[in-house]
Amino acid sequence: MNNHACVTGWGMYVPERVLTNQELEKLVDTSDSWIIERTGIRERRVVADHETASTMATEAARQALDRAGLEAKDIDLIIVATVSPDNYYPSCGCQVQDTLGAKRAAAFDLGAGCSGFLYALSTATQFIKTGAYRNAVVIGAEAFTRTLNWEDRGTCVLFGDGAGALVLQACQEPFGLRSFLLGADGSGGKFLYLRNLCARPGDWPENNRPQMYMDGPEVFKFAVGSMVNTAREAIKMAGLSLSDIDLIIPHQANYRIISSMTRFLKIPEDRVVINIDRYGNTVSASIPVALCEAIRDGRVKDGDNLVLVSFGTGFTWAGLVLKWGVPAEVGKRSLSQAGASRGDGQGGVK
Ligand code: COA
């Protein structure tokens with residue numbers, strides 16, 4: 001029986017519209033220098049009227065399928081990690097399934113905030129490991145800026161939109177997840193939330209317009225320890241040590257969080273993928289987008305051990321070790337043939 005799930009395709013999409021810190025200076029009482037110093041963010045992408053989480057998810061999935069050499073009819077499972085879906089229902093997963101024409105695929109959304117993509121990757125892997133499914137598409141997609149209060153300088157400067165997708169396929173060789181660790185502590189829910197209209201009426205947001213609430217310093221305190229412990233534990237569970245890890249791809253929430261994690265783990269920053277300066281925090285899209293860029297930049301090689309690690313609303317956390325490589329039995333393309341030559345969904349894909 002095939003009992004591993006390797007990554008055979010990847011894709012990303014970010015909106016064309018770039019919102020710079022200088023533009024934000026005109027909206028709220030902030031400054032380019034404050035945002036860079038406190039967060040590392042210089043600019044972020046923001047959805048245009050025609051874009052939603054499901055449209056971006058579909059474009060990222062199309063690229064990933066193309067790279068894997070799969071057609072929509074081959075897909076057994078689609079999971080979209082998102083907390084900014086187009087609808088309460090139907091799910092983004094169903095919208096992607098329909099637009100792609102993936103007629104055989106089961107489809108659903110998964111909400112675990114910024115940990116959503118790693119929760120989804122771990123979930124899809126289990127379906128493949130049990131032999132239930134052979135081909136899965138896992139997507140992180142967010143039109144998160146639509147939830148922001150553009151008058152709240154404490155939050156509106158931090159986030160951006162985008163999507164990233166991976167194709168997972170059953171294989172015999174031991175590629176794919178070597179370990180995963182998922183966790184939750186719901187007592188942290190009060191520090192970062194977005195009520196919806198099905199909440200008790202007394203809890204509805206002002207004007208009935210959903211808007212996020214965040215206690216930044218409390219989230220920050222949780223984030224650093226969580227990222228460090230989760231990364232360490234996931235590495236241990238894989239039977240590896242930090243020196244075996246080629247690249248760490250952390251959730252991109254704040255450069256200071258990433259750099260504290262790097263210091264605690266005592267790893268050089270050149271073994272960490274950082275792109276928060278260009279995208280801000282894209283929630284569940286942040287890790288797949290960072291992974292796609294790392295591949296494009298030639299930073300991921302066959303046989304590498306990658307650590308993907310995140311924290312998010314809930315609180316939730318997730319970490320995993322991913323052995324990178326496409327076995328000959330399933331892979332139509334090797335890593336060296338793919339990547340840099342394509343546009344990688346940098347905006348405007350209609
Ligand atoms: N521009 C200028 N000043 C700002 C500002 C902005 N955009 N946002 C907040 N400030 C001000 C505050 O009002 C405060 O002013 P005061 O001292 O006069 O009251 C001061 O800066 C410090 O605020 P504080 O919230 O303590 O700053 P911080 O150093 O903790 O940075 C965050 C704020 C939000 C950047 C930081 O807490 C953070 O990144 N937290 C984690 C958030 C996160 O990861 N969320 C997503 C989870 S997946």
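Modeller: Before we look at the ligand, one definition: a polar contact is a pair of N or O atoms within 3.5 Å. Keep in mind, too, that this is a predicted model.

Colleague: Fine. Which polar side-chain atom lies 2.6 Å from a nitrogen atom of the ligand?

Modeller: That one belongs to Thr30. Trp34 also points a polar side-chain atom at a ligand nitrogen, with 3.5 Å between them. Pro217 takes part through its backbone instead: an N or O atom there sits 3.5 Å from a ligand oxygen.

Colleague: And how much of the ligand does the protein bury?

Modeller: The protein buries 71% of the 960 Å² that the ligand exposes when taken alone.

Colleague: Which residues around the ligand come nearest?

Modeller: There are 24 residues around it, and the nearest are Thr30, Arg38, Cys114, Arg153 and Asn254. So Thr30 turns up again, as it did with its 2.6 Å pair. By class, the shell holds 12 nonpolar, 8 polar and 4 charged residues.

Colleague: Where along the chain does that shell come from?

Modeller: From several places: α2 (32-39), α6 (153-156), α7 (216-237), α8 (255-265) and β12 (305-312) each give at least two residues. With 4 residues, α7 has the largest share. Domain 1 (4-175) and domain 2 (178-323) each put at least three residues into the shell.

Colleague: Now pockets. How do I read empty space in a model?

Modeller: The general idea is to roll a probe the size of a water molecule over the atoms, which shows where space is left empty. Here, the largest pocket holds about 1,200 Å³ of space. Its lining is made of 50 residues, with Val83, Phe144, Thr147, Leu194 and Met212 nearest the centre. Elements giving two or more residues to that lining are α2, β5 (106-110), α6, β9 (192-193), α7, α8 and β12.

Colleague: Which element gives the largest share of the lining?

Modeller: It's α7, with 4 residues. Sorted by class, the lining has 25 nonpolar, 19 polar and 6 charged residues.

Colleague: Why does the largest pocket lie between domain 1 and domain 2?

Modeller: Because domain 1 (4-175) and domain 2 (178-323) both give residues to its lining.

Colleague: Last topic, the backbone. What should I expect before I go hunting for oddities?

Modeller: Most peptide bonds are trans, and most residues other than glycine have a negative phi. Now for the exceptions here. Tyr89 and Pro90 are joined by a cis peptide bond, with omega about 0 degrees. Pro90 sits in the loop between β4 (77-81) and α4 (92-100). Another cis bond links Gly314 to Phe315, where omega is about -10 degrees. You'll find Phe315 in the loop between β12 and β13 (316-323).

Colleague: Which residue has a positive phi although it is not a glycine?

Modeller: Lys266, at about 55 degrees. Look for Lys266 in the loop that runs between α8 and α9 (276-279).

Definitions and conventions: Residues are numbered from 1 along each chain as its sequence is written. This is a predicted model: local features need pLDDT of at least 70, side-chain atom pairs count only at pLDDT 80 or more; totals for chains, interfaces and linings use all residues. Side-chain values use heavy atoms; hydrogens and water are left out. A residue is near a molecule or strand if one of its heavy atoms lies within 4 Å of it. A polar contact is a pair of N or O atoms within 3.5 Å; within protein, one must be able to donate a hydrogen and the other to accept it, and residues adjacent in sequence count only if both atoms are side-chain atoms. Accessible areas come from the Shrake-Rupley method with a 1.4 Å probe; for residues, only the protein chains shown count as cover. Ala, Val, Leu, Ile, Met, Phe, Trp, Tyr, Cys and Pro count as nonpolar, Asp, Glu, Lys and Arg as charged, and the others, Gly among them, as polar. Domain bounds come from an automatic or database domain assignment. On a 1 Å grid over the protein atoms alone, a cavity is a set of points where a 1.4 Å probe fits but cannot get out, and a pocket is an open set with protein on both sides within 12 Å along at least five of seven lines; lining residues have an atom within 4 Å of a point. Grid points are joined across faces, edges and corners, and a volume is the space filled by probe spheres set on the points.
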